[in-house]
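The exercises below are meant to be worked with the sequence and the coordinates side by side. Each one gives a task, and a solution in steps follows.

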Amino acid sequence: MAYALQQLINGISLGMIYGLIAVGYTMVYGIIGMINFAHGDIFMVGAFVALIAMVMLVSGGIMDGPAAILLVLAISMAFTALYGWTVERVAYRPLRGSFRLAPLISAIGMSIVLQNFVQVSQGARPKPIEPQVIGGIELMREGEFVVQLSYMQMLIIGTTLAALVVFTWLVTKTPLGRAMRACEQDRKMANLLGIDTDRTISLTFVIGAALAAVAATLYLLRYGVADFFMGFIVGVKAFTAAVLGGIGSLPGAVLGGLLIGLIETFWSAYFSVQYKDVAAFSILALTLIFLPTGLLGRQDVEKV
Amino acid sequence: MTEHTPMLEVTDLVAAYGAVEALKGVSLQVRQGEIVTLIGANGAGKSTLLMSLCGDPQPRAGRVLLEGRDITACPTHEIMRMGVAQSPEGRRVFPRMSVLENLLMGAQAQGHDPAPELEKVFALFPRLKERQAQRGGTLSGGEQQMLAIGRALMSKPRLLLLDEPSLGLAPLIVRQIFSAIRALNEAEGLTVLLVEQNANQALRLAHRGYVLVTGRITMEGTGAELLARPEIRDAYLGGGH
């Protein structure tokens, strides 16, 4: 019981990170109908920006504690958003109106470019950081086993919830969000109403990348390591989450992320850690076969 | 802008979707405060003309002047911020947005306060006010048509482009929509370019009309003149369509 509760906490905090990344996949799919295969690598770039900022601030002795984490988060969001914007501008926009497969191939190309760029500029070896958030609170004790909610997990859950609240407000209540939904539902018509749809699409990539940066900073703080290839596995899992939730659906992406996080954690806890990726990707295959529209894909949900 | 500058002046416009040339050199004029109708059979190029005036597709050749200003090469979203609005073919209401949000979308890119326009649209189409919280996709055809026109009006246009507002609607609703167009024209001097297959009613409403046949203007005249022409009667009013 206590063991399961601990897995639940671990699964939720991992799942929320997947959910944040999945939102980026599903948003871009909603608005231009392509899978942005470079999104996982945008996440990886976000982790490296956070890592560099962290090393400069903390190891450089400029500041530490919560203020440093907040500043690292902001720096990572800003730089990663710029990467997201650039990738769209350079690799996808010129191909708009081309055949459907063209931006997809371009996305795979961008993914390779980003990985190699980071590999060459930062080195191929995994880069560790000192743990920044230590300790936690004890929830319950069952014999020898202690169920703990770590401060890191609280940080993950709190930050993710805050990011999702701001994001939901942005999409449902602001003129920008309305323009994004208009582009998703009928891009030609949005254009006919004077909306600069290219700009709206750019902003969608910027927002998606900023959310990936939030996920990346939390991931870095939680696991303490970044490498140039980390975006692949995490990216594919977040993509699985987006498909499971129903690609195009925003609440679906978060739900899918949570489910993938939980499945992976429980699988590792009760079956085999080595096969945890197999579990996650079997879900992708099963979803595509038996539930291709995902859990929330066909219902009349808010989509971007 | 002088009184004599036409609202819209189109010269030798050529437009195409891919390899198919839909407009083969169309010239027409819409003066300020006029209702002009463009009639023609299915596939004559009427909708392509309206879309091409909005830069989508951009004209291959020819010239479009809006109040004397050359807009031929302008991108669509810029043209739609110069006082042009379109209620397009197929209505294109945003299906998963509320009626209110659909209307607000009409004013969004223009930068003015939407409240006064919203009030006017609700006064013109009270049905939309009743349904303002309902999703666009759940409205009936007539209500969607009202919404598409209302959304176009939200931008405070000086030139309104209407594509087949009568399509698929009951005669009573068609009359209601046409009288709304006339009221806007008379009360506010709104200039209207109206594309219709329903030639009879369109020509009665309009000051002048053009007939478009496979991408070319074949006839023009006042509404009454065109209504009286036997070839128009045979081709467009005979109920053959």
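**Exercise 1. A helix of chain A and its surroundings**

How many of the 27 residues of α8(A) are buried? Use the answer to describe the setting of this helix in the predicted model, and then examine its span and its end.

Solution. A residue counts as buried if 20 or more other C-beta atoms lie within 10 Å of its own. By that criterion 21 of the 27 residues of α8(A) are buried, and the helix is therefore largely enclosed by the rest of the structure. The next step concerns its span: from the first C-alpha to the last, α8(A) reaches 39 Å, which is close to the 39 Å expected at 1.5 Å a residue. At its end, α8(A) is followed by A:Gly224, a residue with a positive phi near 70°.

Repeat the analysis for α10 of chain A, residues 250-270.

Solution. This helix has 21 residues and reaches 30 Å between its first and last C-alpha, close to the 30 Å expected at 1.5 Å a residue. Of these 21 residues 16 are buried, so α10(A) too is largely enclosed by the rest of the structure.

**Exercise 2. The largest nonpolar core**

Determine which residues touch the most other members of the largest nonpolar core, and which helix gives the most to this core.

Solution. The core holds 161 residues, and A:Ala47 and A:Ala215 are the ones that touch the most other members. Helix α8 of chain A, residues 197-223, gives the most to this core, with 16 residues. In chain B, domain 1 (1-83 + 158-241) and domain 2 (91-157) both give residues to the core, which therefore lies between them. Turning back to A:Ala215, and leaving aside residues up to four places away in sequence, one finds that this alanine touches A:Ile17, A:Leu20, A:Ile21 and A:Phe43.

**Exercise 3. Where the chains and the domains meet**

Describe the side of chain A that touches chain B by its elements and its residue classes.

Solution. The contact takes 16 residues from chain A and 21 residues from chain B. On the side of chain A, the elements that give two or more residues are α6 (175-185) and α7 (187-192), and α6(A) gives the most, with 6 residues. Sorted by class, the residues on this side divide into 7 nonpolar, 3 polar and 6 charged.

Now treat the contact between the two domains of chain B in the same manner.

Solution. The centres of domain 1 and domain 2 of chain B, taken over C-alpha atoms, are separated by 22 Å. Across this contact, 15 residues of domain 1 of chain B meet 9 residues of domain 2 of chain B. On the domain 1 side, β7 (159-163) and α7 (171-188) of chain B are the elements that give two or more residues, and the residues of that side divide into 10 nonpolar, 3 polar and 2 charged.

**Exercise 4. A sheet in chain B**

In what order do the 4 strands of the open sheet in chain B stand, and which of them lie at the edges?

Solution. The order is β2-β1-β4-β5, with antiparallel pairing. Because β2 and β5 (69-70) of chain B each have a single partner strand, they stand at the edges, and one side of each is left without a neighbour in the sheet. Between β1 (8-17) and β2 (20-30) of chain B there are 8 bridges, and the facing pairs include B:Tyr17 with B:Val20 and B:Val14 with B:Lys24. The hairpin of these strands has 2 residues between them, and B:Gly18 takes a positive phi near 60° there. On to the next pair, β1(B) is joined to β4 (61-66) of chain B by 5 bridges, with B:Val10 opposite B:Val64.

**Exercise 5. Backbone exceptions in chain B**

Compare the settings of B:Asp12 and B:Glu164: is each buried or partly exposed?

Solution. Most residues other than glycine have a negative phi, and most peptide bonds are trans. B:Asp12, in strand β1 of chain B, has a positive phi of about 50°; with 13 C-beta neighbours inside 10 Å, B:Asp12 counts as partly exposed. B:Glu164, in the loop between β7 and α7 of chain B, has a positive phi near 45°, and its 22 C-beta neighbours inside 10 Å make B:Glu164 count as buried. As a last step, the peptide bond from B:Asp56 to B:Pro57 is cis, with omega near 10°, and B:Pro57 lies in the loop between α1 (46-53) and β4 of chain B.

How values were computed:
Residues are numbered from 1 along each chain as its sequence is written. Chains are lettered from A and ligands numbered from 1 in the order in which they are written. This is a predicted model: local features need pLDDT of at least 70, side-chain atom pairs count only at pLDDT 80 or more; totals for chains, interfaces and linings use all residues. A nonpolar core is a set of buried Ala, Val, Leu, Ile, Met, Phe, Trp, Tyr and Cys residues joined through C-beta atoms within 7 Å. A residue is buried if 20 or more other C-beta atoms lie within 10 Å of its own, exposed if 12 or fewer, and partly exposed in between; C-beta atoms are placed from the backbone. Domain bounds come from an automatic or database domain assignment. Two residues are in contact if their C-beta atoms, placed from the backbone, lie within 7 Å. Ala, Val, Leu, Ile, Met, Phe, Trp, Tyr, Cys and Pro count as nonpolar, Asp, Glu, Lys and Arg as charged, and the others, Gly among them, as polar. The expected span of a helix is 1.5 Å times one less than its number of residues. Two strands pair if DSSP finds at least two bridges between them.
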